[in-house]
Amino acid sequence: MKNVIRNTWTIFKRNKEFFYLITVQPVIIFLLMSFLLPYSTAHNIAVVNQSHSEQAEVIVESLEHLEGIKIQDADLEDVGTKIMSGNIELAVIINDANSTDIPEIQILSNGNSEVESAVTLCVEQTTKNESDIPVSVNEAPEKGMTVSNSLGFMIFKTLTAGNLLAALLVQERNRKMKDRILLSGTKIRNYMGGMSIVYLFFMMIGSVVYYLAGLLLNFDFGMKNSFGFLLVLFTANVLSVSLYVFASTLVKKEDSLWFMASFVLLPMSLFSGVLFPYEFMPKAMQMIGACFPQRWIAHGIEEIQNSGSILSAVPDMLMVLGLSALLFIIAVVRSEGKNKKLC
């Protein structure tokens with residue numbers, strides 16, 4: 001295997017275009033996606049103010065200052081339709097009271113809003129006739145662009161990055177270079193493993209560069225220890241290599257590898273919710289997407305963000321690594337079987 005690793009290293013090192021494609025280009029694309037295609041993660045709510053009191057204005061102003069809340073204009077008769085269609089999560093309706101200066105507040109939602117408790121608490125605190133109470137807030141460093149802007153595309157691009165490795169394997173097989181290497185006594189598992197190790201190393205370099213760029217640009221990874229993000233990304237690199245090593249045993253020409261990305265990985269990504277919000281997908285699609293590795297990768301990152309512990313992503317990472325090992329083993333067995341037939 002050492003000779004295979006050394007020879008593969010030499011091939012990749014001499015090809016400057018390869019190094020650019022596998023390490024530099026993905027980082028540039030990820031950074032551009034982060035800045036050029038941002039989307040809002042704010043929760044949309046509607047405020048229908050039918051009161052003319054000063055207290056009602058104070059309530060509206062307080063809601064506008066809630067972090068992560070985006071207020072939309074809506075008429076009272078349209079509130080129900082907007083909630084049912086998902087355009088807004090909830091609505092705050094403010095009416096004049098008959099006997100007091102404090103307006104009557106009605107909060108309507110579909111029952112699944114993550115911010116309903118925060119909105120309710122804000123309204124309750126604002127309507128209390130109490131003197132101001134001094135509070136202290138722990139200072140937190142201001143974060144920049146969130147990695148969520150490019151997370152879905154990054155997972156898809158990472159999984160398809162193994163295409164160049166598969167192309168090299170198919171090319172060497174068609175040019176009989178693989179046969180000459182095997183005649184030297186090198187086993188197929190060592191041949192495929194050696195090439196995979198070198199390619200995986202270069203892929204991980206690209207992931208590290210992206211991670212470091214995110215740190216330098218003060219990206220918000222959404223987790224206390226952002227190193228967990230890099231670890232999950234490494235498991236995606238391993239899966240990509242194994243996936244395309246397996247794919248190389250299924251096709252006869254390099255041109256056929258595009259099928260893997262276009263008709264296999266892209267639909268899997270759509271069902272896995274890495275390109276669209278998973279929680280808003282129909283239950284049937286969620287059940288299908290939960291079976292795909294892209295969902296495991298995204299879920300691992302989400303678990304670290306929610307719990308703050310890298311250990312919470314271990315089950316997802318183990319599933320990804322287990323699938324990677326299975327695909328690699330199948331690829332080796334298939335190659336050994338084909339080699340025996342030729343002999």
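**Cores and surface of a predicted model**

Biologist: In which helix does Phe19 lie?
Modeller: The model is predicted. Within it, the helix that holds Phe19 spans residues 16-36. That helix is H2.

Biologist: Is Phe19 buried, partly exposed or exposed?
Modeller: Buried residues fall under 20% relative accessible area and exposed ones over 50%. Phe19 has a relative accessibility of 36%, so the class of Phe19 is partly exposed.

Biologist: What is the area of the nonpolar surface patch that includes Phe19?
Modeller: Phe19 forms this patch together with Tyr20, Val24, Ile28 and Leu32. Its area is about 420 Å².

Biologist: Which helix gives the most to the largest nonpolar core?
Modeller: The largest nonpolar core has 65 residues, and Tyr199, Tyr210, Phe229, Leu265 and Ile297 have the most contacts inside it. The leading contributor, with 13 residues, spans residues 227-248. This is helix H10.

Biologist: How many residues make up the second, separate core?
Modeller: Among its members are Ile45, Ala56, Ile59 and Val123. The size of this second core is 14 residues.

Biologist: Which phenylalanines does Tyr199 touch, leaving out residues up to four places away in sequence?
Modeller: The partners of Tyr199 include Ile22, Ala161, Gly162, Asn163, Leu164, Leu165 and Val241. The phenylalanines touched by Tyr199 are Phe12 and Phe18.

Biologist: Is Ser207 buried or exposed?
Modeller: Ser207 lies in helix H9, residues 188-216. Beyond its neighbours within four places in sequence, Ser207 is in contact with Leu230, Leu233, Phe234 and Asn237. The cut-off for a buried residue is under 20% relative accessible area. Ser207 has 7% relative accessibility and therefore counts as buried.

How values were computed. Residues are numbered from 1 along each chain as its sequence is written. This is a predicted model: local features need pLDDT of at least 70, side-chain atom pairs count only at pLDDT 80 or more; totals for chains, interfaces and linings use all residues. Side-chain values use heavy atoms; hydrogens and water are left out. A nonpolar core is a set of buried Ala, Val, Leu, Ile, Met, Phe, Trp, Tyr and Cys residues joined through side-chain atoms within 4.5 Å. Buried means under 20% relative accessible area, exposed over 50%, partly exposed in between (1.4 Å probe, protein chains only). Helices (H or I, at least four residues) and strands (E, at least two) are DSSP runs, numbered from the N terminus. Contact means heavy atoms within 4.5 Å. Patches are made of residues with over 30% relative accessible area and no salt bridge: like charges are joined within 9 Å, nonpolar side chains (Val, Leu, Ile, Met, Phe, Trp, Tyr) within 5 Å. Accessible areas come from the Shrake-Rupley method with a 1.4 Å probe; for residues, only the protein chains shown count as cover. A salt bridge is a side-chain nitrogen of Lys or Arg within 4 Å of a carboxyl oxygen of Asp or Glu.
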